[in-house]
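Reader: I would like to go through this model with you and ask, term by term, what each description rests on.

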Amino acid sequence: MSSTVPDWSREAPRCWWDPSRRLLRSLRTHEELRGRDSPWARLMQARWALSHRFWSVITQADIPLGTKIGGGLLLPHPNGVVIHPDAEIGPNCLIFQQVTIGTTGNRFGAPRIGGHVDIGAGARVLGPVTVGDHALIGANAVVVRDVPQGRIAAGIPAQLIGRG
């Protein structure tokens, strides 16, 4: 899987009840309409913002409109996923349930996640850290330091335990 070229088919809804993909679709469509100034575009932008709110409630995920997320994101179980609006996520990432990607009270700045990064259930990526391409973050890990490309991080606080 590429860390630079998004695989948009990963985000395509497969049926009507596909909450995680519907959430991402509402986010993407809203962003696509953001720069347009016509009354129709503003109306459609409001419609997709409402759709985003609906799917956010259904999935119990907090992914704000305007968050920089590369294409091909997979959220198999989106409940409890929280992403800070200033965080950056590369293409083709995989994020499991109860993951927080955000800031801390004493370290300003949001995380930057590279391409094709897998983040296990319950993991926390906090502060101005960078996670390199093709890295793996273990379940319930608390990442507060940079993770180099292709490495595996696990534990509390996360330690590098191998190569992915």
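**Terms and the values behind them**

Author: A place to begin is Asn106, which lies in the loop between β5 (100-102) and β6 (112-113); please keep in mind that the model is a predicted one.

Reader: Why is Asn106 called exposed?

Author: The word exposed is used for a relative accessible area over 50%. Asn106 has a relative accessible area of 66%, and it is therefore exposed. As for its surroundings in space, the C-alpha atoms of Asn106 and Gly127 are 8.7 Å apart, while the two residues are 21 residues apart in sequence.

Reader: How do you know that the protein chain is as compact as a globular protein of its length?

Author: The secondary structure of the chain comes to two helices and 13 strands. For 164 residues the globule rule gives 15 Å, and the radius of gyration of the protein chain is 16 Å, close to that value, so the chain is as compact as a globular protein of that length. Along the principal axes, its C-alpha atoms fill a box of roughly 50 × 35 × 25 Å, and buried residues make up 47% of the 164 residues.

Reader: What makes the sheet β2-β5-β8-β11 an open one, and which strands are its edges?

Author: Four strands form this sheet in the order β2-β5-β8-β11, with parallel pairing. Its edge strands are β2 (82-83) and β11 (142-143), each of which pairs on one side only.

Reader: How do you know that β8 and β11 are paired?

Author: Two strands count as a pair if there are at least two bridges between them. Strand β8 (residues 124-126) is joined to β11 by two bridges, and the two run parallel, with Arg124 standing opposite Val142 in β11.

Reader: In what sense does β12 pair with β13, and what lies between them?

Author: Strand β12 pairs with β13 (residues 159-163) in the antiparallel sense over four bridges, and Ala153 stands opposite Leu160 in β13. The two strands form a hairpin with four residues between them, and Gly155 in the turn has a positive phi of about 105 degrees. Strand β12 is also joined to β10 (residues 136-137), by two bridges and in parallel; here Leu136 stands opposite Ile152.

Reader: What makes the side chains of β12 alternate?

Author: Buried requires a relative accessible area under 20%. Along β12 (residues 151-154), Arg151 and Ala153 point to one face and are buried, whereas Ile152 and Ala154 point to the other face and are not.

Key: Residues numbered from 1 in each chain as written. Predicted model: local features only at pLDDT ≥ 70, side-chain atom pairs only at ≥ 80, totals over all residues. Heavy atoms only, no water. Rg over C-alpha atoms; globule rule 2.2 N^0.38 Å. Buried < 20%, exposed > 50% of the residue type's maximum accessible area, 1.4 Å probe, protein only.
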